[in-house]
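Work through the exercises below with the structure open. Try each task before you read its solution.

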Amino acid sequence: MTAAVATEVRPERLSADQRPYRIGVIRGDGTGPEVIAEALKVLDAVRDDIAIELIEFDLGADRYLRTGQTLPDEDLETMRGLDGILLGAVGDPRVPPGVLERDLLLRIRFALDQFVNLRPVIRFPGVQTLVPSHAEDDVNMVVVRENSEGLYSGVGGFHRKGTRHEVAVQSSVNTRHGVERIVRYAFEYAKRPERRRHLTLVHKTNVLTFAGDLYQRVVNELTAEYPDVTTDYVHVDSACIYFLDQPSRFDVIVTDNMFGDIITDLGAMIQGGMGIAAGGNINPNGVSMFEPIGGTAPSETGKGTINPLAAVGATGMLLAQLGEERAAARIDAGIRFACTKLASMRAGEMGYSTSEVGDLVVEAASQ
Ligand code: IPM
Ligand code: MN
């Protein structure tokens, strides 16, 4: 069941179509609720007069264990009418692997056709990473991960399951339509004023000669439409080396679903850890969902030690997607301020509690 709607008292500015923005909130499992609490605190501090209704969804492990439901159709239908969704994290050791990941998270991504997984890899001021040789400006890229097909499509199956001659097939699905729309999105993104107009395809064309070939051909074809964007190609394994050795060579990266999943975890580590890496599942013409890219962090749950900046950053991305650039910029400034305060920050170690970090962002964003 979807739950109550927040009530607001201040004078409010409505969205372009004259109603409050309707934002879905899926707090989810593990540390999800803790980071979402901070994200909502920040949202409230920066929204000024923007009218926002929060629509809470009771989804995740508890719901599943209680009712056997992962994502009821009614909830999905409600989501279709929203302006955006904020997700904490899903996954729980009490639930078999794949249940919540496939039937909840991936189902939302696929059903709402959120075909872009946008993952900025930005090293904020003062943040230390595991690569001491990186200077302040070295890490500033955006990974445009294909989010609707590839190895994630669920195509495959078992043959002779459970026998010694068992076969397991998991196919990578790459459609011309799917590849073209993600590559086009990446080219457009590279043209944004804040980008350096450089697009790198990351794949494995030397081995994945069908899927990789389609990606490379589409990039080659579209270069004619984007003469002011330079292009490059890097194998995914080499990309891992460059992330550590020479991250400044990347501006915008376009890659498939699985490669994008993997390299953005590495990307998170060169930006300061999973605690600050935010991402968006975007349908440019539909409902987008924003989330910290890390998981549920079971070992941190309930301790008030999890870093909420990734969830805060996801909230900033949501506002930017809604066109509320001013509020998004305030969140960005708040994160930068918090990062300078947490100058000793390393992955898994903050020196501040979860809510104190939220307060730092609010303090800077409120000015
Ligand atoms: C991510 C996660 C998900 C993914 C899992 C939980 C299905 O790792 O958002 O990167 O692989 O996309
Ligand atoms: Mn991942």
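**Exercise 1: one helix, two sides**

Helix 7 (residues 236-245) has Val236, Ala239 and Phe243 as its buried residues. Buried means that 20 or more other C-beta atoms, placed from the backbone, lie within 10 Å of the residue's own; exposed means 12 or fewer, and partly exposed is in between. Helices (H or I, at least four residues) and strands (E, at least two) are DSSP runs, numbered from the N terminus.

The model is predicted: local features need pLDDT of at least 70, side-chain atom pairs count only at pLDDT 80 or more, and totals for chains, interfaces and linings use all residues. Residues are numbered from 1 along each chain as its sequence is written, with chains lettered from A and ligands numbered from 1 in the order written.

Task: Explain why the buried residues of helix 7 line one face.

Solution:
1. Look down the axis of helix 7. The buried residues fall within an arc of 45° (taken over directions from the axis to the C-beta atoms), so they line one face.
2. An α-helix has 3.6 residues a turn, so residues three or four places apart point the same way.
3. Now turn to the other side of helix 7: Asp237, Ile241 and Asp245 are exposed there.
4. The buried residues pack against strand 9 (198-203), strand 10 (230-235) and helix 8 (257-271).

**Exercise 2: the ligand shell**

Task: Which residues are around ligand 1?

Solution:
1. The residues are Glu101, Leu105, Leu106, Asp261 and Ile293, each with its C-beta atom, placed from the backbone, within 6 Å of the ligand.
2. Helix 4 (residues 99-111) gives the largest share, three residues.

**Exercise 3: the whole chain**

Task: How many helices and strands does the protein chain have?

Solution: Count eleven helices and 13 strands.

Terms used: Contact = placed C-beta atoms within 7 Å.
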